[in-house]
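Biologist: I would like a close look at a single part of this model, the surroundings of the ligand. Please describe how the protein encloses the ligand and which atoms come together there.

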Amino acid sequence: MDKKRIEEMIDLAIGQMEFSYVPYSHFRVGAALLGKNGKLYTGCNIENAAYTPTNCAERTAFFKAVSEGVREFDAICVVGGKEGILTEYAAPCGVCRQVMMEFCDPDTFQIIMAKSRQEYEIYTLKDILPRGFGPANLA
Ligand code: THU
């Protein structure tokens, strides 16, 4: 992926943590999702007093895009940390990986886990969800 594009996605994801609604965990997560249309869709995590309705940053980004008719994606950048301090890489949870599996090619979709503009790691969906179950299994 183009370095400039990666940096743009990291900046956007970091900026999203400002909007995280995290009164329970105080763990802020931001995401920036790149559609094959070249557009970026942002997301933050949104918690709930009943806990289970909590929506992760990655799914917020996916659902925003899908709700606008976009279903094809190239990459997502994810950042996160307690109080928004990025000491570790924030890996997408299992549910978010499954949502990626629904809309993305596991061999090519890129997950950029970042701590800063300079520090990031890139994985494919297949790397983080080997032998995933997806639409192809029902075809
Ligand atoms: N969280 C995300 O937003 N994305 C992930 O992939 C992992 C977890 C959020 C959910 C919850 O608001 C907080 O992080 C702590 O689990």
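Modeller: For the classes used here, Ala, Val, Leu, Ile, Met, Phe, Trp, Tyr, Cys and Pro count as nonpolar, Asp, Glu, Lys and Arg as charged, and the others, Gly among them, as polar. On that basis, the shell around the ligand in this predicted model consists of seven nonpolar, three polar and two charged residues. The nonpolar members are F27, V29, C56, A57, A91, P92 and C93. S25, N45 and T54 are the polar ones, while E47 and E58 are the charged pair.

Three of these residues bring polar atoms to oxygen atoms of the ligand. From the side chain of E58, an N or O atom is 2.7 Å from a ligand oxygen. The other two act through the backbone: a polar backbone atom of C93 is 2.8 Å from an oxygen atom of the ligand, and for A57 the distance from a backbone N or O atom to a ligand oxygen is 3.0 Å. The ligand on its own exposes 370 Å², of which the protein buries 76%.

As to its setting, the ligand takes up the space of the largest pocket. Strand 1 (27–35) and helix 2 (57–66) are the elements that contribute two or more residues to the shell. F27 and V29 come from strand 1, and A57 and E58 from helix 2. Helix 2 thus supplies both the backbone contact of A57 and the side-chain contact of E58.

Key. Residues numbered from 1 in each chain as written. Predicted model: local features only at pLDDT ≥ 70, side-chain atom pairs only at ≥ 80, totals over all residues. Heavy atoms only, no water. Near = heavy atom within 4 Å. Polar contact = N/O pair within 3.5 Å; in protein donor to acceptor, adjacent residues only side chain to side chain. Areas by Shrake-Rupley, 256 points an atom, 1.4 Å probe, with all protein chains shown as cover. 1 Å grid on protein atoms, 1.4 Å probe; cavity = no way out; pocket = protein on both sides within 12 Å on 5 of 7 lines; lining within 4 Å. Sits in = over half its atoms within 2 Å of the grid points. Helix = DSSP H or I, 4+ residues; strand = E, 2+ residues; numbered from the N terminus.
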